[in-house]
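Let's take a walk around this protein, starting at its surface and working inward. Keep the 3D view open as you read.

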Amino acid sequence: MAARDAARRAGPARHRPAPAGKLYEEEEDDALPDSDALPDSDDEVELDKPRPIQIVLAHEDDHNFELDESALEKILLQEHIKDLNIVVVSVAGAFRKGKSFLLDFMLRYMYNRTSPCWIGGNTEPLTGFTWRGGCERETTGIQIWSEVFVIEKPNGTKVAVLLMDTQGAFDSQSTIKDCATVFALSTMTSSVQVYNLSQNIQEDDLQHLQLFTEYGRLAMEEIYQKPFQTLMFLIRDWSYPYEHAYGLEGGRKFLEKRLQVKQNQHEELQNVRKHIHSCFSNLGCFLLPHPGLKVATNPNFDGRLNDIDEDFKNELRNLIPLLLAPENLVEKEISGSKVTCRDLVEYFKAYIKIYQGEELPHPKSMLQATAEANNLAAVAGAKDLYSKGMEQVCGGDKPYLAPSDLEQKHQDFRESAIRHFRSVKKMGGEEFCRRYQEQLEGEIEEIYANFVKHNDGKNIFYAARTPATLFAVMFAMYIISGLTGFLGMNSIAALCNLVLGMALISFCTWAYVKYSGEFREVGTAIDQIAEAIWEQVLKPMSDNLMEDHMRQSVKNSIKAGLTEQVAHHARLKTD
């Protein structure tokens, strides 16, 4: 079936666009543009030769998108259309499912809509947006048809109709973010989004639609109504006409059944359906039959109607006017206001800047999102295990614990938490989980630092360090000031008195902060200064004094011992 899907879309050759009004005539080779390339962003866009023009460029190296503003402005800011309200019909969906093929039939209708035989002759190759058979993608980024069609609606107003082709989703070179960006951009800028699906509407199709539309809704400003307009589910190769007939009516009944919210449904399934209903003002569905075995098996298929089944052609004659007939055209609206061609250029510029930035979260695959949630849950469980263990050792009602003992308990509980994290079954692989283990270890160190501060606060000597340090500074400055004043060193005495006054003011301020709870930042600064003085000056001095005292005590002990031994020997000799 996969080979059949890949082969049936088109022949191996890319099919070239036909100039406006020349769809059924034999074109000469020199009248056709190069079939292998679209105009580059720096090339001149020749609007006299209708062709697909790429306006959103996909950069595969950094998976980013760029708007070709010049090409877009040349098309939409033409004098005769720039102030007309615009109708944008876009086709989006998975790659290699015939989106460009469908758009070329839309082009045939737009160029020959007044003819009952707009679908073309039986032997005419299909031209317009480039398409080909095979399993590799053809369209990248977003393309639009260079000719904007001016159509008069039944009420007499003229509108501009723009056809848009999008990069297929889920190819081997696109990330989930790439797919979401293209789908969201096309949905935000189109008035009718055709969601091109194969054979059925599966649950993963709805979930991807939910992800992509939410990504688009995030990029828009505050929304007080449904953000998007018309979504048309187009089910290709529909194989169950005995259950739901081909066409719009059968599609409507099928879609109602698929999007129905039931009481016994899982909450996840209900949320997907509610989200889709909340995003679009109008939902529709069209069931399209398979185009036939000749299309599926002929490697040289070039779109000729002779090779396409009659059922497909009949339903195509119903589908295209349903989207593009003057009475069915849906004008683009944003926040309730109709959008002109000139406006759409500005919206494109604004939206592409949002997706080029880092403000929006990056959408992820279901495996990656599940693996992240799984690992984060394991991190949270391990962290909770560590915190509970430390709380039992040095929690709020526990007495002060020696720093060495606290460090040992920290190491024990840390190893226990890491073992717990490793024991939990997690998705994502060893390398993916290692990043979360490193995150766990970092967060445990932060929690430990808080427990150390909390434990130090229970030490009465640690709590008294600031006032003791300030008092020691005041005492030292008082003594030095007195001595230097007595010796006539008045400048040094004055400096010492200044430091003494500052220490006294700091002591009084610290006492007020601790009593009242106000100006805590000031109290913290005084604590930090006092701690620095203690660590850099007083503690080394006290350690040196203690070391000198112990050294002197040892010396005295040794000297006393030797003296005692000498005296003892002297008494023995006397005896």
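## A greasy spot on the outside

Start with Leu-483: buried or exposed? Leu-483 counts as exposed because its relative accessibility is 53%, and the cut-off for exposed is over 50%. You'll find Leu-483 in helix α15, which covers residues 465-486. Keep in mind that this is a predicted model, so everything here is about a computed structure.

Leu-483 has company out there. Together with Phe-471, Phe-475, Tyr-478 and Ile-479, Leu-483 makes a nonpolar surface patch of about 580 Å².

## The whole chain

Now zoom out. The protein chain has 17 helices and eleven strands. Of its 575 residues, 44% count as buried. The accessible surface adds up to about 30,400 Å², and carbon and sulfur atoms own 54% of that.

How much of the contact map comes from residues 24 or more positions apart? Taking contacts with a separation of 6 or more, such pairs account for 76%. One pair to look up is Asn-497 and Ile-480: they are 17 residues apart in sequence, with their C-alpha atoms 9.1 Å apart in space. Asn-497 belongs to helix α16 (residues 490-516) and is partly exposed, its relative accessible area being 40%.

## Inside the cores

The largest nonpolar core is made of 56 residues. Leu-76, Ile-86, Phe-233 and Ile-235 are the ones with the most contacts inside it. What does Ile-86 touch, leaving out residues up to four places away in sequence? The list is Leu-76, Ala-160, Leu-162, Glu-331, Lys-332, Val-339, Thr-340, Cys-341 and Leu-344.

There's also a second, separate core, with 40 residues. Phe-105, Trp-118, Val-159 and Val-295 are among them.

## Two helices to compare with a ruler

Helix α3 runs over residues 99-111. Its 13 residues should span 18 Å at 1.5 Å a residue, and the end C-alpha atoms sit 19 Å apart, which agrees. How many residues of α3 are buried? The count is 13 of the 13, so α3 is largely enclosed by the rest of the structure.

Helix α13 (residues 430-457) has 28 residues. From its first C-alpha to its last, α13 reaches 41 Å, close to the expected 40 Å. The buried residues in α13 include Phe-432, Tyr-436, Leu-440, Ile-444, Ile-447, Tyr-448 and Phe-451. Some polar or charged names turn up on that buried list too, including Gln-437, Glu-443, Asn-455 and Asp-456.

## Opposite charges in pairs

Side chains of opposite charge can pair when their charged atoms come close. The structure holds 16 salt bridges. In one of them, Arg-252 meets Glu-249, with 2.4 Å from N to O. Why are they about one helical turn apart? Because Arg-252 and Glu-249 are three residues apart in helix α6 (residues 248-258). Both are partly exposed: Arg-252 has a relative accessible area of 36%, and Glu-249 has 43%.

Helix α11 (residues 366-394) gives another example, where Lys-388 and Asp-384 are four residues apart, or about one helical turn. Their side chains meet in a salt bridge at 3.3 Å, N to O. Lys-388 is exposed at 52%, while Asp-384 is partly exposed at 38%. The spacing in these pairs fits a general rule. An α-helix has 3.6 residues a turn, so residues three or four places apart point the same way.

## A mixed pair and a network

Next, look at Lys-82 and Glu-79, whose closest N and O atoms are 3.2 Å apart in a salt bridge. Lys-82 is buried, with a relative accessible area of 16%, whereas Glu-79 is exposed, at 63%. Elsewhere, Glu-69, Glu-73, Glu-346 and Lys-349 are linked in a network of salt bridges.

## Two unusual backbone angles

Finish with two loops. Gln-199 isn't a glycine, yet its phi is positive, near 75°. Gln-199 lies in the loop between β7 (192-198) and α5 (203-219) and counts as partly exposed, at 26% relative accessibility.

Asp-237 isn't a glycine either, and its phi is also positive, at about 55°. Look for Asp-237 in the loop between β8 (228-236) and α6. Buried or exposed? At 2% relative accessibility, Asp-237 counts as buried.

Conventions: Residues are numbered from 1 along each chain as its sequence is written. This is a predicted model: local features need pLDDT of at least 70, side-chain atom pairs count only at pLDDT 80 or more; totals for chains, interfaces and linings use all residues. Side-chain values use heavy atoms; hydrogens and water are left out. A nonpolar core is a set of buried Ala, Val, Leu, Ile, Met, Phe, Trp, Tyr and Cys residues joined through side-chain atoms within 4.5 Å. Buried means under 20% relative accessible area, exposed over 50%, partly exposed in between (1.4 Å probe, protein chains only). Contact means heavy atoms within 4.5 Å. Patches are made of residues with over 30% relative accessible area and no salt bridge: like charges are joined within 9 Å, nonpolar side chains (Val, Leu, Ile, Met, Phe, Trp, Tyr) within 5 Å. Accessible areas come from the Shrake-Rupley method with a 1.4 Å probe; for residues, only the protein chains shown count as cover. A salt bridge is a side-chain nitrogen of Lys or Arg within 4 Å of a carboxyl oxygen of Asp or Glu. The expected span of a helix is 1.5 Å times one less than its number of residues.
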